[in-house]
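Please take a moment to look over the chain below before reading on. A short guided walk follows it.

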Amino acid sequence: MTNDDDSEGMTYADAGVDIEASEAATAALVAQVGGGSGDYAGLLDIGDRYLGLATDGVGTKLLVAEALGDYSTVGIDCIAMNANDLVAAGVRPVAFVDYLAVDKPDEMFAEQVGQGLAAGAEEAAIELVGGETAVMPEVINGLDLAGTCAGLAKKDAIFPGEAEPGDALVGFPSSGIHSNGLTLARKAATKDGDYTDEWDGDDYDTIGEALLEPTRLYTYLLDDLRAADTRAAAHVTGGGWTNLERMGEFRYVVEDAFEPHAIFDFIQEKGGVSNEEMHTTFNMGTGFVAAVPEENAEALVEATDGRVIGHVEAGDGVAIRGLEL
């Protein structure tokens with residue numbers, strides 16, 4: 001991460017996605033319809049427990065899949081983007097419903113999408129309970145894939161949702177770019193090349209394959225997070241590291257984040273993207289963060305693949321790699 005020039009490099013907004021405008025539009029919608037509490041999941045009181053619901057899609061990662069003719073992993077992304085949001089609330093995912101919209105039916109990509117959904121459901125230990133395929137040639141150009149994940153939690157099992165000064169931040173590695181910031185990543189990757197260009201490394205054959213690495217599922221963490229008395233958690237998705245601020249209005253000091261994958265260096269170099277833009281768009285190697293009492297942090301680390309990456313202080317903002325976000 002070396003580029004510090006904000007004036008010339010690509011930005012997410014220039015690529016076509018303005019996070020501030022998106023958040024404002026979402027706030028306007030929520031103000032009209034209301035809804036259950038929770039930054040990551042809607043929570044419905046059903047008596048002795050909560051029903052948690054999360055809805056999300058794969059986004060423009062589908063355009064990379066289309067370019068490569070490989071839709072076999074995007075179903076994993078769809079499930080992970082939803083199930084991980086439930087985990088961030090302390091809710092156990094139990095079922096998933098998908099929505100596939102296409103301009104014309106195609107057995108090949110429908111089969112591949114189904115393969116990914118099945119693989120994601122198996123890894124997350126959830127049930128696929130049907131879905132909908134809509135053919136809308138005048139609305140959809142290609143396809144769109146989204147879904148809704150339902151989960152359950154006893155009322156004393158959900159995370160309080162608010163960190164406290166002095167808490168330790170325990171981070172967990174991402175698998176790569178996941179399913180956020182692909183509009184910027186795609187623009188950078190194809191600025192003077194193509195998705196089918198050779199990847200400079202051993203992990204993938206092409207640049208497109210690196211971009212398609214599926215989103216990591218964090219459902220395996222839930223029991224250990226509860227055992228550590230997790231106060232709040234953040235799924236590092238759209239908005240990058242500013243997602244930590246969903247855990248409360250404090251200062252989040254990140255001192256030992258996981259190293260960014262090679263795909264992030266590639267995007268930054270090709271697009272001339274600034275360090276700040278990279279950290280407010282992408283996960284940069286860390287896909288999930290939990291705020292836990294300091295005395296419980298080491299036990300959580302020993303039980304999982306996480307590590308202590310920082311701490312919570314009074315104040316505001318996120319400090320990481322010399323940046324103030």
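We will go through the sheets, the helices that lie across them, and then the salt bridges. Please keep in mind that this is a predicted model.

Let us begin with the sheet of five strands. It is open, its pairing is mixed, and its strands come in the order β1-β2-β5-β3-β4. If you look for the edges, you will find β1 (42–45) and β4 (127–135), each of which pairs on one side only. On average, neighbouring strands in this sheet are turned by 20° against each other, direction ignored.

Inside this sheet, a good pair to follow is β3 with β5. Strand β3 covers residues 92–102 and strand β5 covers residues 143–154, and ten bridges join the two in the antiparallel sense. To find your place along the pair, look for V97, which stands opposite T148 in β5. A helix accompanies these strands too: α5 (residues 107–124) lies across β3, β4 and β5, and its direction makes an angle of about 170° with β3.

Now turn to the other sheet described here. Seven strands build this open sheet, again with mixed pairing, in the order β7-β9-β6-β10-β8-β11-β12. Its edge strands are β7 (232–235) and β12 (323–324), and each of them pairs on one side only.

Within the order, β8 and β10 sit side by side. Strand β8 (residues 251–254) runs antiparallel to strand β10 (residues 307–313), and four bridges join them. One matched position to look for is V253, whose bridge partner in β10 is H311. Over at the β7 end of the order, helix α4 (residues 74–89) lies across β7 and β9 (286–292), running at about 165° to β7.

With the strands and helices in view, we can look at the charged side chains. The count of salt bridges comes to eleven, and a few of them are worth tracing one by one.

Take K155 and D45, whose side chains meet at 2.8 Å, N to O. K155 lies in the loop between β5 and β6 (168–173) while D45 belongs to strand β1, so this salt bridge ties together parts that are 110 residues apart in sequence. Are the two partners buried or exposed? K155 is partly exposed, with a relative accessible area of 34%, and D45 also counts as partly exposed, at 44%.

A second salt bridge brings R92 and D223 together at 2.5 Å, N to O. Because R92 is in strand β3 and D223 is in helix α8 (residues 222–227), the pair connects parts that are 131 residues apart in sequence. R92 is partly exposed at 32% relative accessibility, and D223 is partly exposed with a relative accessible area of 49%.

A third example is the salt bridge between K270 and D192, with 3.9 Å from N to O. This pair links distant parts of the chain, 78 residues apart: K270 is in helix α9 (residues 262–271), and D192 is in the loop between α6 (182–189) and α7 (207–212). Here the partners fall into separate classes, since exposed means over 50% relative accessible area. D192 is exposed at 59%, whereas K270 is partly exposed at 30%.

Finally, salt bridges can also share partners. E164, D167 and R231 are joined into one network in this way.

Technical notes
Residues numbered from 1 in each chain as written. Predicted model: local features only at pLDDT ≥ 70, side-chain atom pairs only at ≥ 80, totals over all residues. Heavy atoms only, no water. Pairing = 2+ DSSP bridges. Contact = heavy atoms within 4.5 Å. Axes fitted to C-alpha atoms, helices over the stretch in contact; angles between N-to-C directions. Salt bridge = Lys/Arg side-chain N within 4 Å of Asp/Glu carboxyl O. Buried < 20%, exposed > 50% of the residue type's maximum accessible area, 1.4 Å probe, protein only.
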